[in-house]
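Biologist: I'm new to beta strands and I'd like to learn how to read them. Can you walk me through some?

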Amino acid sequence: MISRATIPLLTLILLLPGWGRAQDTMTKKKPAPFSISGVAGVTYEHYGLNREPDGWYGFTARKPWNQVRFNFSPTMQFGKDFSLPFNFNFALKPVNYAGPYSGIQSGKQSFGQFVTNPMNSFGINPKYKWAELQLGTQYLNYSDLSTGDIGVFGVGFDLHPKEYVFKFFTGLSQQGINFFTGPPATTGAYKRKNWMFQVGKEREGSYEVKFNLVKGKDDLGSVDTIFPTIKPQEGFTMSVVSKVFLGGGWYVQGEGAQSIYTKDMTLPFDTSVASFKPFIESRTSTVRDYAAEGGVGRRSKDYDIGVKVKYIGAGFQTPGYPFMLPDRLDYTLNTRFNAWKNKMNVVASIGQRVNNVSNTTLKAKQFIGNINWFTQFNDHWNLNLSFNNFGFQAPGGINPYGIKNVSNDLGINPSFTWSNDKVMHLISVSYNYSKYDERDVLTGLVTSNNTHTALLTYVPTFLTKDVSPDFSVMYFNNSMSLFKLTLITISSGLSMPAMKNKMNLRGQLQYNYSKTNSFKNNNNIIASCNVDWKVTKKFSWSTFVSSNRFKYGNEITPNNANYLESIIRTGFQYRFGK
Amino acid sequence: MKKYLIILTLLIAGPMAFAQVNVNLVVSNNPPGTLIEWGTKKEVLTYVVVNQGQPRQALIKTTITLTDGTPVAATNLSAARPITLERGVTTILYAIDVMPLQTMVFVGKFKNTLEKTGKLPAGTYQICVQLVNPVDLLPVSEQRCRIFSLAAFQLPILVLPADEDVLDMIMAKTAITFRWTPVTPRPGLPVKYRVLVFEILENQNPLQAMRSNKPLLSKDVIGTTQYIWQPQLAFMPLQVLDGNDESQFQNLPAIAGRFVWTVQSFDNNDVPFGDGNINGDGISEPYSFVVGDKQFTLTHRLLESSVVDADLDGDGNFETNMSKELAHQLIVDNKGEPEEPQMKAGVSTSRSNIPRASHDKNKFQEGQDTTNNQQKAGVSTSRSNIRTHINGFNLNSDGGYTGTGDAVINGRVVAVKIRYRVKPLAIKVMK
């Protein structure tokens with residue numbers, strides 16, 4: 001049954017196309033009463049895999065056999081102040097891999113699971129002046145230590161009256177899913193509800209101060225069966241984030257956060273652990289820890305420098321970043337500068353990460369340094385140099401030797417351009433050397449893993465023709481004790497317009513030779529083609545076809561096993577508005 | 001005399017009572033560092049009680065010390081729940097029964113660490129368990145002690161490709177090298193690392209892609225922390241020139257694919273290392289990377305530029321359809337100053353790098369003015385080369401861009417809109 005409140009909305013939607021045409025005739029001097037932009041489209045993708053001989057399954061499918069994806073993301077603008085953006089992206093077939101949704105088979109997910117499945121988004125964000133209503137799926141980033149990369153399906157708002165900020169959102173980040181033996185098996189998950197709130201003040205380009213509260217809580221009664229290791233959890237995080245822009249491009253930013261996280265809600269309450277009522281009441285499985293980050297630096301047109309420090313306590317856990325690695329301290333120095341009339345550009349960083357900070361005896365240190373130096377000597381020559389160093393060391397603990405992994409990567413890439421009236425030529429050579437040493441913690445022996453990569457590319461650009469080809473040859477050699485891998489790739493691409501520039505054709509052919517130790521080499525041919533056809537001013541049709549044939553030598557059993565992988569993807573897109 | 005009788009009775013009755021309650025304690029040498037996980041894993045601690053005497057009740061008294069005797073924790077017997085020992089029945093108890101966290105009292109720095117992290121500091125500990133009478137707390141079984149080592153494992157940290165890195169499209173066709181740090185401290189038995197790579201589809205963010213998509217790569221690696229992947233993918237630039245909105249323009253640096261990768265760690269029993277992360281699934285913090293134009297940027301050759309609108313009268317509104325009127329006059333240099341007609345004839349190239357915004361704020365500076373590269377990138381046509389004070393671009397439907405800025409027209413600075421008709425090219429540009 002349609003409520004009274006929805007009738008005006010439906011009427012509005014039905015009338016939109018007419019309004020869209022009407023506004024085309026408006027003059028530019030008057031704000032249009034209605035306009036619409038954005039796109040809507042549908043894409044179908046077919047994946048095929050044929051393996052030989054029969055019964056060999058050494059290569060497994062990398063994509064779903066058939067998938068249809070929809071995208072509906074128009075933005076309707078009503079007058080000057082009101083906008084109504086939609087963001088609907090969804091697929092017909094669930095193919096989740098990581099997380100509890102991996103157990104869902106096609107057709108088995110409930111409507112609630114479909115709507116909250118992370119592979120689908122259904123969001124509407126009506127906005128009037130400084131007030132935005134947030135409905136449906138939202139990926140909201142409040143700060144680096146509170147919430148940022150988890151999608152939540154629910155309702156909330158984002159208000160910016162003058163210099164003030166008020167944000168609130170609540171909804172589900174996870175549906176309850178029962179333990180399922182499979183295949184594919186899933187351990188199950190409790191339904192998780194999330195809340196997030198932000199209040200603060202900001203002036204663009206001047207300063208911002210914001211206070212964040214984030215909470216996630218599992219629903220114990222949301223599943224019938226669940227794997228014993230999965231425990232219902234509850235987490236609460238609060239943080240203060242601030243940023244100040246000073247004169248001359250200088251800035252200072254920082255955030256401090258505390259988390260209180262209960263790892264098992266089935267355990268009893270514990271008064272000996274401080275609670276933070278009414279947001280969370282501590283149990284015997286509750287931990288409380290801190291995190292902080294800060295940075296200071298200067299940005300300008302030709303010169304940037306910045307220092308960043310980040311500390312995540314061993315017990316710091318926030319519902320807004322479920323994969324955040326705790327127990328670490330990072331500090332980095334980044335810089336960039338242009339010189340020589342902007343023909344020289346240097347980007348460099350150096351830093352260290354300390355892991356297992358809480359365990360003094362097992363503290364591991366990771367050093368990272370890299371530099372990229374680009375110079376354009378003249379219209380013909382330019383050179384790019386890069387060097388990356390990475391080192392990781394940890395005490396041995398129960399092992400006789402500690403962990404020590406060190407990698408050094410050097411890249412040299414000159415290129416030369418010359419041209420005449422008809423064609424511009426570009427030749428680029430690239431050489432990379434990578435050395436990666438790993439120490440065995442039992443024997444102390446160091447294994448060196450050396451990689452040489454050489455690449456030659458030629459790109460002629462015809463100034464009087466529409467055909468744009470490119471050619472490249474690459475050699476890759478990786479060797480370590482008792483192992484040697486050689487790869488050679490020859491590839492070429494071609495692009496050209498057709499149908500009076502309404503169609504864009506691109507093709508690519510690639511041959512890969514690979515050889516491991518003394519085994520017979522493997523052969524691989526990849527061919528692909530892309531056709532983008534602008535059927536009308538607003539309607540386009542894109543098709544991508546790819547074929548990948550790989551034939552093994554004798555490094556695996558059965559010998560000469562091979563497979564043919566094919567992808568056909570075609571989709572239509574309609575553009576709203578002008 | 002009475003005192004001697006009591007002592008004699010205890011000396012006789014004590015061993016008899018112990019003899020009636022036999023106990024055994026088995027503790028894993030390297031249990032999880034997170035104590036809460038002890039309760040979910042039966043293999044961590046097993047306490048077997050066999051009562052051959054009369055049915056009775058008993059409390060479990062557990063003490064944890066360092067190997068040098070430093071006290072760590074002990075059972076609060078006043079809060080402990082008694083267990084009933086039936087005659088002739090073998091009772092098997094686990095960590096959740098022997099050392100329930102709600103009745104264990106941790107002391108000093110161990111209490112602080114446990115409250116902050118849920119773990120005890122890495123080290124070697126001794127756990128002793130004994131049954132005592134609930135009334136007088138006298139022992140009813142022998143004390144059993146075992147040594148165990150705690151080493152809070154930390155999941156791998158991804159190294160290469162670094163987070164938000166841009167990989168060269170041509171090189172990535174052949175191989176992409178993944179490197180990560182090992183599980184630390186290194187466990188006694190080999191760790192299996194599963195390298196996972198997911199494609200980030202359009203309108204997805206990295207974590208969403210990881211939770212949603214089928215992995216392009218799922219490869220198990222044992223004994224090393226590097227894997228060389230031959231993607232066998234047809235990397236082609238996703239973006240085409242005749243896009244539809246400004247967001248596509250911002251992605252123009254020939255992105256051929258966006259990916260997110262991670263490593264999932266398993267112990268020798270194929271059980272995910274759950275000790276180091278919130279989800280207990282052994283999945284490390286994921287990194288995303290782009291396969292794109294590190295070698296060559298898909299940029300554009302300027303075929304034609306023309307003023308389409310200009311605010312000649314300075315009223316804030318653009319007068320339309322000005323290109324026909326003004327084309328022959330609009331010859332200005334990069335500062336907006338009039339340029340001599342013969343100068344443009346000296347321009348040898350016909351390319352132009354349209355200013356672009358980057359998808360990668362770490363690799364390219366936001367707002368970096370790449371128009372600096374255009375100083376010699378003139379115009380092949382005889383019309384104009386206005387590229388001055390460009391404020392922004394909007395894609396036109398006919399395969400070009402519209403820029404706004406200022407230009408000197410007839411000796412006066414006026415606001416203009418300039419249309420660029422361009423053609424995609426592969427040209428090396430400053431990174």
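Modeller: Sure, let's start with Phe153(A), which stands opposite Leu172(A) in β8(A). Keep in mind that this is a predicted model: local features need pLDDT of at least 70, side-chain atom pairs count only at pLDDT 80 or more, and totals for chains, interfaces and linings use all residues. As for bookkeeping, residues are numbered from 1 along each chain as its sequence is written, chains are lettered from A and ligands numbered from 1 in the order in which they are written, and side-chain values use heavy atoms, with hydrogens and water left out.

Biologist: What counts as a strand, and when do two of them pair?

Modeller: A strand is a DSSP run of E with at least two residues, numbered from the N terminus. Two strands pair if DSSP finds at least two bridges between them. Here, β7 (residues 151–159) and β8 (residues 164–174) of chain A are antiparallel partners, with seven bridges.

Biologist: Which residue in the hairpin of β7(A) and β8(A) takes a positive phi?

Modeller: That's Lys162(A), with a phi near 50°; the hairpin has four residues between the strands.

Biologist: How many bridges link β8(A) and β9 of chain A?

Modeller: Ten, again in the antiparallel sense, and β9 covers residues 191–203. Gln174(A) is opposite Arg192(A) in β9(A).

Biologist: And where do the side chains point?

Modeller: In a regular strand they alternate between the two faces of the sheet.

Biologist: What is the strand order in the open sheet of chain B?

Modeller: β10-β12-β15, three strands with antiparallel pairing. The edges are β10 (158–160) and β15 (226–229), each pairing on one side only.
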